[in-house]
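Thanks for coming, everyone. I would like to take a few minutes to walk you through one model, so please have a look at it before I go on.

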Amino acid sequence: MKYISTRGKAPALNFEQVLLTGLAPDGGLYVPETLPQFSQQEIASWAGLSYTDLAFKIVQPFVDDCIPADDLKAIIDDTYIDFRHPSIAPLVQLDKNEWVLELFQGPTLAFKDFALQMLGRLLDYILERRHQKVVIMGATSGDTGSAAIQGCKRCSNIDIFILHPHQRVSDVQRKQMTTVLADNIHNIAVQGNFDDCQSMIKASFNDKSFLPEDRQLVAVNSINWARIMAQIVYYFYASLSLGGPLRPVAFSVPTGNFGDIYAGYLASKMGLPIDQLVVATNTNDILHRCISANDFSKQPLVHTLSPSMDIVISSNFERLLFDCYGRDGAAIDDLMTRFQSEEVSIADSAFSNVQALFDSYMVDDKQTVQTIADVYESTEYLLDPHSAIGVEAARKVRRRNDIPMITLATAHPAKFPEAVMKAGYPQEPQLPHHMADLFEQEERCTVLANDLTVVQQFVANNITA
């Protein structure tokens with residue numbers, strides 16, 4: 001399996017190389033040169049598999065011969081050992097043919113655990129084998145940071161630096177990051193927004209001269225292919241749990257950076273019968289505007305009750321556009337370059353390709369709160385604000401009522417008490433018992449100016465591994 005850049009000017013890499021590279025040197029994102037294909041008969045034969053056994057079936061072709069099969073299986077088995085529910089990703093029914101897939105059963109209560117617990121273990125394995133030390137830099141709008149820290153904290157070959165927007169993540173999200181006090185973990189609160197943090201990460205990958213010569217920079221954001229790969233699994237798992245592949249299913253995905261729903265698109269391309277993918281956004285709606293009206297222009301960021309989706313530039317959308325433009329790297333390079341400084345739209349043929357499988361809907365804070373209240377009133381099931389956006393979007397634009405519509409529940413409601421209590425819930429939702437003392441723990445965090453040079457200097461001065 002080889003991986004190529006969406007901008008067409010970087011060398012092809014194998015899985016081990018792409019795991020350690022993140023952003024391609026030409027500024028693009030790595031994607032598989034070809035996707036594994038599974039027949040309906042083969043998918044149907046997986047119906048009784050555990051989550052970890054299914055994950056091995058789907059992940060192994062992407063890893064190819066970079067990791068021996070027995071070692072990869074052990075890594076996958078270990079990845080999900082700290083998940084609280086035995087089915088790893090349980091389904092909960094809200095109504096006839098309406099379901100939520102609980103992706104918050106991992107150690108940090110967010111869907112990012114599925115990918116980042118695996119990424120940490122893959123890095124641990126590869127770096128130990130190579131006798132190599134690396135620096136991880138990541139940007140988070142709330143959930144990626146804590147999941148990355150939990151996944152990578154035990155690896156002695158890694159220094160990890162997580163950037164989050166100062167005072168723009170929930171208290172629970174912040175504490176989950178800042179209370180992990182290992183010497184190799186550094187939380188940086190940037191006096192800006194998430195897109196500022198993400199821009200610093202991309203700039204750092206484009207120019208790594210601030211690092212010592214013996215250190216490689218590794219990405220934990222969803223620009224790292226391994227994260228996308230791990231997320232493909234739960235689309236197959238949910239479908240198989242509800243009668244797939246003998247009948248199609250639909251998914252609604254609350255998304256800001258497009259990585260989670262891009263994994264669903266790949267599942268469809270690999271053979272899973274998916275009838276519809278709903279892109280659910282909050283007021284920061286570049287994805288909705290693009291998919292519904294071909295408006296791919298940047299707008300000012302708005303802070304909302306669903307902060308993990310407060311993103312203006314959806315990095316992983318480039319991966320989809322690469323396919324929709326017929327894998328024309330030069331066209332993507334031109335489009336993304338112009339996007340930085342002018343209003344752009346998608347070419348007509350590519351736009352038709354986007355609309356073939358995707359629908360979209362924007363849900364503002366008022367409707368988010370109302371959906372939390374409505375679902376709780378009718379089912380006594382408590383949604384977090386991101387998952388509520390997914391449910392509301394699914395209800396508004398679903399194409400068929402005769403097949404399961406599955407909303408990805410991306411976070412535990414206790415992470416976002418403000419939104420839940422605005423919906424009329426009588427008290428702050430309780431954290432699971434393993435986090436009951438979270439607010440009593442010591443924090444460690446450094447607040448830095450929204451300045452790339454300042455941040456890079458901090459990283460260079462604090463490498464200890």
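I will begin with one helix, then turn to the nonpolar cores and finally to the cavities.

Please keep in mind that what you see is a predicted model. The helix I have in mind is α9, which runs over residues 225–241 and is mostly covered, with 16 of its 17 residues buried. At its start, a side-chain oxygen of asparagine 224 comes to within 3.0 Å of the backbone nitrogen of alanine 226, and just after the helix, glycine 243 adopts a positive phi of about 100 degrees.

Where does α9 fit into the interior? The largest nonpolar core has 113 residues, and Phe15 and Phe236 are those with the most contacts inside it; to this core α9 gives the most, namely 13 residues. If we set aside neighbours within four places in sequence, phenylalanine 236 touches a list of residues including Phe38, Trp46, Ile58 and Met270. There is also a second, separate core of 25 residues, with Ile188 and Phe458 among them.

Now to the cavities, of which four reach 30 Å³ or more. The largest holds about 280 Å³ of space, and of the 24 residues that line it, Phe111, Lys112, Gly256, Asn257 and Ser308 lie nearest its centre. Helix α9 appears again here, since the elements giving two or more residues to this lining are α6, α9 and α10. By character, the lining divides into seven nonpolar, 13 polar and four charged residues.

The second largest cavity holds about 60 Å³, and its lining includes Arg168, His303 and Asp310.

Key:
Residues are numbered from 1 along each chain as its sequence is written. This is a predicted model: local features need pLDDT of at least 70, side-chain atom pairs count only at pLDDT 80 or more; totals for chains, interfaces and linings use all residues. Side-chain values use heavy atoms; hydrogens and water are left out. Buried means under 20% relative accessible area, exposed over 50%, partly exposed in between (1.4 Å probe, protein chains only). Helices (H or I, at least four residues) and strands (E, at least two) are DSSP runs, numbered from the N terminus. A polar contact is a pair of N or O atoms within 3.5 Å; within protein, one must be able to donate a hydrogen and the other to accept it, and residues adjacent in sequence count only if both atoms are side-chain atoms. A nonpolar core is a set of buried Ala, Val, Leu, Ile, Met, Phe, Trp, Tyr and Cys residues joined through side-chain atoms within 4.5 Å. Contact means heavy atoms within 4.5 Å. On a 1 Å grid over the protein atoms alone, a cavity is a set of points where a 1.4 Å probe fits but cannot get out, and a pocket is an open set with protein on both sides within 12 Å along at least five of seven lines; lining residues have an atom within 4 Å of a point. Grid points are joined across faces, edges and corners, and a volume is the space filled by probe spheres set on the points. Ala, Val, Leu, Ile, Met, Phe, Trp, Tyr, Cys and Pro count as nonpolar, Asp, Glu, Lys and Arg as charged, and the others, Gly among them, as polar.
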